[in-house]
Structures are given as C-alpha cells and as structure tokens.
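This briefing is arranged by topic and is meant to be read beside the structure shown below.

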Amino acid sequence: MHLPKHVAIIMDGNGRWAEKRGLPRTAGHKVGAETLKKILTHAQKKGIEVITLYAFSSENWKRPAEEVQTLMNLFRTYLKNDVKELIKKGIRVSFIGERERFDADLQEQMNRLERQTADFQGFHVVLALSYGARNDIINAARQIAAKAAGGQIKPQEIDESFFSAHLSTADLPAPDFIIRTGGEERISNFLLWEAAYAELYFTSVFWPDFDEKALDDALETCQRRERRYGGLNMKQKI
Ligand code: IPE
Ligand code: IPE
Ligand code: MG
C-alpha cells in the first residue's frame with residue numbers, strides 16, 4: 001500500500017500516562033497537546049494530505065467537571081496560539097462534532113479558523129471535538145428523511161455516496177489508516193461509517209509518548225499491508 005492519504009488518530013492514554021508518574025490526569029492532557037503539535041508537523045513533512053484527530057468524544061462530557069474544564073481551557077489556548085502557527089504554514093483546519101455544545105467563544109474560534117484556512121491546500125487537519133459517529137450518522141439520516149418527506153428525493157435514490165455526502169466528513173476522503181494509542185483496541189464511536197475499509201493500528205504507547213519515530217513505525221506497518229476490499233490479491237494462485 002502507498003503512503004496513506006488520510007490518517008486518523010484516536011489520541012488515547014493521557015490520563016494513564018500522568019497516573020503512572022503520580023501526576024494529576026490533567027498533566028497528561030497538557031503534554032498530549034504538545035505531542036499533537038509535533039505529530040502534525042511530522043505528518044505534514046511525510047506528505048500526508050489529511051489527518052483527523054479524535055480529541056474529545058461526545059461521551060467525554062461525562063468526565064468529572066474539573067477534567068472537562070481543563071480540556072476546554074486547553075482547546076481554548078490551542079486554538080488561540082498554536083493553531084495560528086498552522087495558519088502561517090498554510091494548513092487548512094476544520095472541525096467535526098457537536099460544535100453547539102461548546103462555549104460561544106470556542107465556537108467562534110472554530111468558525112473563524114475554518115473560514116481563515118478554507119482555501120489552503122496541501123495539508124488538512126481535522127479536529128474531532130465532541131464527536132460521536134453514531135450521532136453523525138443519525139444527523140445524516142435526519143437530513144435525508146427531511147428531504148424524502150419534502151419530496152426532494154425518492155428513497156431508492158439513497159445510495160452510499162448520497163449518504164456519505166450528508167456526514168460531517170463529506171468533503172474528506174475515507175480514512176486509509178486509523179491509529180489508536182494507549183493500548184485499548186476499540187473504536188470508541190469514531191468514524192464508524194468512514195472506517196469500513198480502513199487499516200487499524202493499535203499501539204500500547206500512551207499519547208504523550210507518541211513521537212515522530214512512533215508515527216514512522218506506524219506508517220511503515222501500514223505500507224506493508226495489503227488492502228483487498230473483499231476481492232483477491234491477483235498475485236495469488238486460485
Ligand atoms: C485521551 O486520553 C484524551 C481524551 C479522551 C480527552 P484519556 O483521558 O482517555 O486517557 P486514559 O485513557 O484515561 O489514559
Ligand atoms: C476515545 O478515548 C476518545 C478520545 C481519544 C478523544 P476514551 O478514553 O474516551 O475511550 P474509552 O472510554 O476508553 O472507550
Ligand atoms: Mg482513554
């Protein structure tokens with residue numbers, strides 16, 4: 001397989017990274033934000049076109065208020081300072097997830113960033129914030145149902161590409177490669193529809209420890225894999 005065009009990462013293990021060091025969980029999130037910067041720079045250098053980062057799930061609101069508050073403040077700082085550097089580098093930034101659940105100032109920052117970087121080409125960073133794939137699928141179903149009820153489309157016109165066009169990832173290629181750090185081997189409601197044929201890669205490295213070399217290793221593993229999409233490897237004898 002060639003270098004994946006779209007890499008998606010479930011950035012997990014911040015809390016355990018901190019606990020292992022006798023630090024509060026929030027310390028792990030702070031170092032994790034630094035890791036994100038390093039990995040974005042490296043991914044761009046490697047020639048990846050799209051990278052989607054799962055930073056906060058729609059279920060993560062259930063965490064203790066103090067942890068949620070720290071994460072919100074980190075997003076705030078990140079969007080204000082670090083992302084400015086991304087703009088300087090000509091990187092397109094966009095967001096998927098339930099934007100309306102965030103404070104108004106954060107929503108405003110997200111909207112502004114998307115507007116400012118909308119025409120940038122070459123490298124696209126997608127941040128999944130308060131994202132949940134089932135919810136995204138339900139939203140798509142609702143929009144389509146409304147169109148059907150309004151007589152704009154017939155049920156038999158609904159096919160895979162029509163459905164995909166109603167998801168928040170409509171303008172992205174499907175992810176080729178999904179990495180999860182932190183040792184858990186599950187998807188946790190991330191890109192369920194889009195991941196149908198993605199290669200999955202699980203590493204026990206906690207997100208704050210994930211570095212350039214770890215991304216290189218993951219990409220090498222990915223490039224050794226063979227994707228068949230239900231067909232056959234034509235080099236094999238039948
Ligand atoms: C991932 O790290 C970051 C978020 C979910 C916000 P965790 O906070 O889930 O870290 P662990 O899995 O508890 O170690
Ligand atoms: C998945 O991690 C979400 C993010 C990394 C943002 P979680 O830590 O929330 O997932 P579970 O609870 O272990 O499934
Ligand atoms: Mg976790």
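In this predicted model, a polar side-chain atom of Arg63 is placed 3.3 Å from an oxygen atom of ligand 2, and Arg63 also appears among the closest of the 13 residues that surround ligand 1. The points below take up the two ligands, then Asp12, and after that helix 3, the aromatic residues, a few buried polar residues and the backbone angles.

**Ligand 2**

- The residues that surround ligand 2 are Ile10, Met11, Asp12, Tyr54, Ala55, Phe56, Ser57, Asn60, Arg63, Arg180, Arg186 and Ser188.
- Besides Arg63, the side chain of Arg186 offers an N or O atom at 2.8 Å from an oxygen atom of ligand 2, and a polar side-chain atom of Asp12 is found 3.2 Å from an oxygen atom of this ligand.
- Considered on its own, ligand 2 exposes 390 Å², of which the protein buries 78%.

**Ligand 1**

- Of the 13 residues around ligand 1, the closest are Asp12, Gly15, Arg16, Arg25 and Arg63.
- The side chain of Arg25 places a polar atom 2.9 Å from an oxygen atom of ligand 1, while the backbone contributes as well, with an N or O atom of Asn14 at 3.2 Å from a ligand oxygen and a polar backbone atom of Gly13 at 3.4 Å from a ligand oxygen.
- Taken alone, ligand 1 exposes 380 Å², and the protein buries 88% of that area.

**Asp12, listed for both ligands**

- Asp12 is among the closest residues to ligand 1 and is also one of the residues surrounding ligand 2.
- Its position is in the loop between strand 1 (6-10) and helix 1 (14-20), and because its relative accessible area is 17%, Asp12 counts as buried, the cut-off being under 20%.
- The side chain of Asp12 is joined to that of Arg16 by a polar contact of 3.2 Å, and to that of Arg180 by a polar contact of 2.9 Å.
- Arg16 is in turn listed among the closest residues to ligand 1, whereas Arg180 is listed among the residues around ligand 2.

**Helix 3**

- Helix 3 covers residues 65-88, which is 24 residues, and it reaches 34 Å from its first C-alpha to its last, close to the 34 Å expected at 1.5 Å a residue.
- Where does helix 3 bend? The bend is at Leu79 and amounts to about 40 degrees.
- Just after helix 3, Gly90 adopts a positive phi of about 75 degrees.

**Aromatic residues**

- The model contains 10 aromatic pairs, and among them Phe177 and Tyr201 form a tilted pair, with 5.7 Å from centre to centre and 55 degrees between the planes.
- This pair links distant parts of the chain, since Phe177 belongs to strand 5 (residues 177-180) and Tyr201 to strand 6 (residues 199-202), 24 residues apart.
- Both partners are buried: Phe177 has a relative accessible area of 0%, and Tyr201 has a relative accessibility of 15%.
- One aromatic cluster is formed by Phe56, Trp61, Phe75 and Phe102, and Phe56 is also one of the residues that surround ligand 2.

**Buried polar residues in strands**

- Glu199 lies in strand 6 and counts as buried because its relative accessibility is 14%; its side chain makes a polar contact of 3.1 Å with the side chain of Arg225.
- His124 is located in strand 4 (residues 124-131) and is buried, with a relative accessible area of 7%.
- The separation between His124 and Tyr78 is 46 residues in sequence and 17 Å in space, taken from C-alpha to C-alpha.

**Positive phi in residues other than glycine**

- Most residues other than glycine have a negative phi.
- Asn189 has a positive phi, near 65 degrees; Asn189 is placed in the loop between strand 5 and strand 6 and is buried, at 16% relative accessible area.
- Tyr229 likewise has a positive phi, near 50 degrees, and is found in the segment after helix 7 (212-224).
- Is Tyr229 buried, exposed or partly exposed? Tyr229 is partly exposed, because its relative accessible area is 49%, and exposed would require over 50%.

Key:
Residues numbered from 1 in each chain as written. Chains lettered and ligands numbered in written order. Predicted model: local features only at pLDDT ≥ 70, side-chain atom pairs only at ≥ 80, totals over all residues. Heavy atoms only, no water. Helix = DSSP H or I, 4+ residues; strand = E, 2+ residues; numbered from the N terminus. Expected span 1.5 Å × (residues − 1). Bend = angle between axes of the 7 residues up to and from the residue. Phe/Tyr/Trp six-rings, centres within 6.5 Å; stacked < 30°, edge-to-face > 60°. Buried < 20%, exposed > 50% of the residue type's maximum accessible area, 1.4 Å probe, protein only. Near = heavy atom within 4 Å. Polar contact = N/O pair within 3.5 Å; in protein donor to acceptor, adjacent residues only side chain to side chain. Areas by Shrake-Rupley, 256 points an atom, 1.4 Å probe, with all protein chains shown as cover.
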